[in-house]
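Colleague: I am new to reading models. Please take me through one, feature by feature.

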Amino acid sequence: MSAQIGHLSLADAQAQLQPWTQRAAAITAVEYQQRIDHARALMREQGVDVLLVNAGTSLRYFAGVPWGASERLVALLITASGEPLLVCPAFEEGSLDAVLKIPAGKALWQEHEDPYALVARAMAERGARTLGLDPGAALFIHTGLRAHLDVSAISDAGVIIDGCRMCKSPAELALMQQACDMTLLVHRLAAGIAREGIGTDELVRFIDQAHRALGADNGSTFCIVQFGQATSFPHGIPGVQHLRAGELVLIDTGCTVQGYHSDITRTWIFGTPNAQQQRIWQLEHDAQAAAFAAVRPGVTCASVDDAARAVLEAAGLGPDYCLPGLPHRTGHGCGLAIHEAPYLVRGNATVLRPGMCCSNEPMIVVPGAFGVRLEDHFYVTDAGAQWFTPPSPAIDRPFA
């Protein structure tokens with residue numbers, strides 16, 4: 001066993017869990033206004049008079065409102081000028097006021113009323129004819145709008161919303177850095193308490209409690225813990241496994257800080273690796289490094305995926321999504337959503353720009369045996385890429 005695996009008692013690990021002291025600053029009112037101004041500029045380019053932002057991560061992005069979507073319409077209307085308009089149930093006004101971070105007018109509706117009629121009325125009052133709809137909005141919202149607007153007046157606002165959210169500001173990067181730093185510490189402690197016979201359920205509970213103790217928004221946003229053959233399933237399989245010597249351990253988890261996500265995976269050996277485990281782990285490490293080296297402003301997302309696959313195919317894995325090999329894309333964007341644009345995947349011609357943030361996780365699956373995923377996130381800089389967390393150096397030394 002290495003000095004990083006199985007060296008801590010539960011009490012020793014818990015003693016290292018103190019509320020995080022170097023906390024990133026909240027998004028400022030000035031930055032919220034800049035986001036709205038950016039959306040308006042993109043709206044003009046796209047010929048869109050009104051942008052409807054539904055409850056969810058984009059509403060949090062533009063207005064600071066951390067609400068999930070439901071069957072009741074809660075949405076922000078951003079028009080070419082003037083204050084945005086918040087459409088919401090009348091009984092929710094006070095709760096929304098408590099979290100709203102921008103000046104906004106209100107269009108309140110009662111339970112028996114049609115909120116989409118309010119949207120159409122607000123558009124008419126502001127002389128707006130075309131509406132860009134949040135791509136995260138449910139079909140029933142589109143259906144409701146069509147009762148009052150010509151279908152040709154409604155367009156997909158993905159270009160506008162993704163155009164605003166894909167490139168992170170320094171404040172956003174700082175919040176993501178804090179979330180990543182917290183999760184990396186949790187990973188270190190989870191590896192430290194590993195012991196023969198420990199259950200995946202015990203590690204999941206510890207990881208959630210650790211995130212909470214450090215001050216994450218709501219504990220773990222997700223947690224995958226798999227041992228041995230179960231690691232060959234990218235998102236795991238049901239049931240509790242108990243750790244045995246010679247098995248690989250895959251832990252994929254994250255948290256949020258003021259809504260911004262971390263998402264880190266470590267795969268390491270409990271005991272001594274065999275030759276196949278060592279070879280595949282090293283190929284995974286090399287593929288991750290190749291993807292990172294390919295990142296720079298002006299290259300496409302697809303080219304980063306190509307770089308990782310080239311390493312694996314040169315070693316006889318794949319090709320394409322064939323197994324043994326890489327069964328999915330190399331990475332996904334991350335921010336207020338755990339998965340968001342841009343995506344590092346074949347065919348994606350999106351050009352990388354400074355501030356874009358992505359995971360780098362070209363997992364290798366050996367069916368029926370094991371899988372290895374090393375996942376760290378990076379952000380694009382003027383010169384190339386910068387890691388949020390340092391990659392794993394060795395199969396028995398998961399932390400730099």
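Colleague: Which residues line the largest cavity?

Modeller: First, the ground rules. This is a predicted model: local features need pLDDT of at least 70, side-chain atom pairs count only at pLDDT 80 or more, and totals for chains, interfaces and linings use all residues. Residues are numbered from 1 along each chain as its sequence is written, and side-chain values use heavy atoms, leaving out hydrogens and water. Now the idea. Rolling a probe the size of a water molecule over the atoms shows where empty space is left. Here the lining is Arg309, Leu312, Glu313, Leu317, Gly318, Asp320, Gly325 and Leu326. (A cavity is a set of points on a 1 Å grid over the protein atoms alone where a 1.4 Å probe fits but cannot get out; lining residues have an atom within 4 Å of a point.)

Colleague: How are the strands ordered in the open sheet of three?

Modeller: Strands of a sheet pair through backbone hydrogen bonds, either parallel or antiparallel. This sheet has the order 7-8-11, with antiparallel pairing. (Strands are DSSP runs of E, at least two residues, numbered from the N terminus; two strands pair if DSSP finds at least two bridges between them.)

Colleague: Why is one side of strand 7 and of strand 11 left without a neighbour in the sheet?

Modeller: Strand 7 (222-227) and strand 11 (264-270) stand at the edges, so each has a single partner strand.

Colleague: How many bridges join strand 7 and strand 8?

Modeller: Six, linking strand 7 to strand 8 (residues 247-254) in the antiparallel sense. Cys223, for one, has Thr253 in strand 8 as its bridge partner.

Methods:
1 Å grid on protein atoms, 1.4 Å probe; cavity = no way out; pocket = protein on both sides within 12 Å on 5 of 7 lines; lining within 4 Å. Helix = DSSP H or I, 4+ residues; strand = E, 2+ residues; numbered from the N terminus.
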